[in-house]
Amino acid sequence: MSNIAAKAKELLESKAVQVVIGYEAGPTGVVRPAFITDAAKADSLIYNENCVQNLAMYLTKHEVKHIGKMGIVATLPVMRSIMMLISEQQVVPENIVVLGIAEDGKLLDIADMNVMHSHIEKSNLGNPTKDQEKLAELNKLSIEERFKFWEQEMSKCIKCYACRQSCPMCYCIRCSTDCNQPQWIPVQSNTQGNMDWHILRAMHLAGRCISCGECGRACPVNIPCHLLTMQLSDQAYNYFKVHAGTSVDMKSVMSTFEPNDKESFII
Amino acid sequence: MSDFEPKVVAFVCNWCTYAGADLTGTSRIKYATNVKIIRFPCTGRIDFMLLLKSFANGADGIIISGCHPNDCHYTSGNFHAKRRWIMFKELMDFMGIDMKRITYSWVSAAEGARWAEVVNTTVARVRELGPYVSYQKMVNTHIEEEVTNE
């Protein structure tokens with residue numbers, strides 16, 4: 001039995017949590033999220049390099065939340081999501097037990113949010129290297145080339161909103177996309193409306209994206225929409241020196257300001 | 001296109017720039033008539049989606065203007081707006097939407113001449129850039145069209 005399964009079993013048996021959110025191998029061997037409520041079934045929990053989905057998304061979902069206290073298998077992006085959700089008052093720290101996983105796959109001992117905070121502080125908070133390289137590549141192009149690239153990508157969008165559903169920070173019960181008074185985003189798929197949607201999504205995640213890349217992974221037509229939010233989290237750090245999801249009392253980038261915020265384009 | 005008349009939409013705050021634009025008129029200063037002014041309670045109230053919608057509905061350029069920093073009627077609306085604009089500008093740059101079409105400015109209620117100058121320079125710049133068809137034509141493209149083209 002792996003360390004994670006043993007820890008989950010212990011938590012469930014001692015009634016410290018009522019559900020453990022983790023990963024298990026599905027019938028075809030594909031990794032899928034698991035919600036373990038019975039200590040006897042904790043053995044099925046696994047962790048390997050295929051376990052990439054950001055599970056923090058389930059913490060705000062009613063179906064999971066109402067079971068009771070939640071244990072969650074958490075890699076660095078998941079820990080940052082949890083921090084972010086706490087700072088935005090979406091989850092209560094007392095209701096969450098974190099089964100932290102280090103970069104090498106070993107189980108971390110995360111006793112409380114202070115321990116998690118110091119672990120996050122020690123980690124690399126930038127975007128993943130692969131995505132950072134792609135960002136640098138796109139930033140080198142001319143503005144027309146970039147427009148062409150995104151126009152091409154956006155034309156593929158089928159408005160399934162998987163990017164929204166998979167994102168732990170997109171927890172609004174009523175998204176502005178679901179409202180039709182006014183109808184900001186057209187229902188049908190056309191390149192302009194698709195682009196509007198991705199701009200809206202990126203702007204609403206500005207300074208809140210924790211660079212897990214889940215939106216890009218969830219996209220069924222492979223639009224690299226995670227690059228948009230990652231670019232903004234890069235810029236949020238450039239301008240305001242804030243990394244999202246690093247402390248429980250972080251102030252939101254977009255709802256605060258400094259009188260001496262630097263810009264060079266307002267005449 | 002020599003007969004192209006750019007359509008410019010100006011989103012302005014009620015307390016400074018709108019009053020400034022009023023002063024331009026009462027001072028009898030002439031400026032380009034291409035601009036359509038929309039009055040907002042505060043620059044902090046201007047949603048970025050309104051900008052995208054105006055481009056989609058045929059605007060070729062946009063002016064956004066409010067009170068100078070520290071002059072906001074609501075004390076901090078323009079500071080919040082500034083942060084939002086910084087992020088929005090970075091996103092637009094990254095997506096390849098030309099920021100030359102959007103003018104951000106601070107114009108106070110006493111700066112009638114400055115408002116005329118802001119409008120005139122923006123209209124001149126947009127006139128040079130031409131109509132914003134690359135954004136407007138996107139409404140007609142979607143995945144089916146692409147499949148049939150291939």
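**Exercises on strand β1 of chain B and the A–B contact**

In this predicted model, β1(B), helix α1 (residues 17-26) of chain B and β2(B) form a right-handed β-α-β unit. The exercises below begin with this strand.

**Exercise 1.** Determine which strands of chain B pair with β1(B), and in which sense.

*Solution.* Step one: strand β2 (residues 35-40) of chain B runs parallel to β1(B), and six bridges join the two. Within this pairing, B:Val12 stands opposite B:Arg39.
Step two: strand β3 (residues 61-66) of chain B also pairs with β1(B) in the parallel sense, over five bridges. Here B:Val12 stands opposite B:Ser65.

**Exercise 2.** Establish whether the residues of β1(B) are buried or exposed, and which way they point.

*Solution.* Step one: in a regular strand, side chains alternate between the two faces of the sheet.
Step two: B:Val8, B:Ala10 and B:Val12 point one way from β1(B), whereas B:Val9, B:Phe11 and B:Cys13 point the other way.
Step three: all of these residues are buried. Since six of the six residues of β1 (residues 8-13) of chain B are buried, the strand is largely enclosed by the rest of the structure.

**Exercise 3.** Describe the side of chain A that touches chain B: which helix gives the most residues, and how do the residues divide by character?

*Solution.* Step one: the contact involves 34 residues of chain A and 36 residues of chain B.
Step two: on chain A, at least two residues each come from α6 (143-154), α8 (191-204) and α10 (226-240). The helix α8(A) gives the most, with eight residues.
Step three: the residues on this side of chain A comprise 20 nonpolar, seven polar and seven charged.

Methods
Residues numbered from 1 in each chain as written. Chains lettered and ligands numbered in written order. Predicted model: local features only at pLDDT ≥ 70, side-chain atom pairs only at ≥ 80, totals over all residues. Contact = placed C-beta atoms within 7 Å. Helix = DSSP H or I, 4+ residues; strand = E, 2+ residues; numbered from the N terminus. Nonpolar A, V, L, I, M, F, W, Y, C, P; charged D, E, K, R; others polar. Buried ≥ 20, exposed ≤ 12 C-beta atoms within 10 Å, placed from the backbone. Pairing = 2+ DSSP bridges. Right-handed = clockwise from strand over helix to strand, strands pointing away.
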